[in-house]
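Student: I'd like a close look at a single part of this model. Could you pick one helix and walk me through how it sits among its surroundings?

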Amino acid sequence: MVGTETLTQSQTDRRDRVIRAALELGAEGGYEAVQMRDVAARAGVALGTIYRYFSSKDHLLAAALVAWVEDLELRVTQRPPAGQRVADRVVNVLRRATRAMESEPRLTAALVTAISSPDQGAATCQGDVAAAMGRVLARALPEDLGPEARASVTRVLNFVWYGALLGWVNGWTGTDDVGRELTDAAHLLLDQFD
């Protein structure tokens, strides 16, 4: 498997096409619809090309989640979080992310299923997702918040967001519960900084 840091531009383009194809198939039919042969056909690449970049379907979908969160990061950069209080800004960012996921429930289920996998390739993406979400959340946090507190807050909020999404995807809770859990956690953690 090829690491992304050594890819040529044409390899990066092919890898991106594969991820986009997986996202499209996941949005259309969920986790089961993302079959490697179908991804290859949709992306216009050979099946072996996919396995050059991704060890498994879960690895591919977990990498797609990384790309999705990086897109969220770009959107938050373009339109900063709204709110007077720190917790309100954090909730604004997390609810924007959650609304985007709610609009694509099949895709969200596929992505959350993959990132939850014990697959080694997917596990490597878990840190990338957490890092990207940390950067997204950092835009809502006060600049004078120390690095240890910042790391702790983002780690806990990542866990709450992931746990709430997992509950929603598995039918344990509804989408309203995701927002409520995020709001409660943000206020419990951050009201002290206002």
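Tutor: Let's take helix α7 and then follow a contact out from its start.

Keep in mind that this is a predicted model. Helix α7 covers residues 120–138. A quick geometry check first: at 1.5 Å a residue, its 19 residues should span 27 Å, and the end C-alpha atoms sit 28 Å apart, so the two values agree.

Now for what's hidden. The buried residues in α7 are Gly121, Ala122, Cys125, Val129, Ala132, Met133, Gly134, Val136 and Leu137. As background, an α-helix has 3.6 residues a turn, so residues three or four places apart point the same way. The cover over the buried residues of α7 includes α4 (57–78), α5 (86–102), α6 (105–115) and α8 (147–169).

At the start of α7, Asp119 puts a side-chain oxygen within 2.9 Å of the backbone nitrogen of Gly121. Asp119 is also touched by Ser56, which contacts Met36 as well, leaving aside residues up to four places away in sequence.

That takes us to Ser56, in the loop between α3 (47–53) and α4. Ser56 has a relative accessible area of 15%, so with buried meaning under 20%, Ser56 counts as buried. The side chain of Ser56 also reaches a backbone nitrogen, that of Asp58, at 3.4 Å.

So what have we got around the start of α7? There's Asp119 reaching the backbone nitrogen of Gly121, and Ser56 from the α3–α4 loop touching Asp119.

Note on methods. Residues are numbered from 1 along each chain as its sequence is written. This is a predicted model: local features need pLDDT of at least 70, side-chain atom pairs count only at pLDDT 80 or more; totals for chains, interfaces and linings use all residues. Side-chain values use heavy atoms; hydrogens and water are left out. Helices (H or I, at least four residues) and strands (E, at least two) are DSSP runs, numbered from the N terminus. The expected span of a helix is 1.5 Å times one less than its number of residues. Buried means under 20% relative accessible area, exposed over 50%, partly exposed in between (1.4 Å probe, protein chains only). Contact means heavy atoms within 4.5 Å. A polar contact is a pair of N or O atoms within 3.5 Å; within protein, one must be able to donate a hydrogen and the other to accept it, and residues adjacent in sequence count only if both atoms are side-chain atoms.
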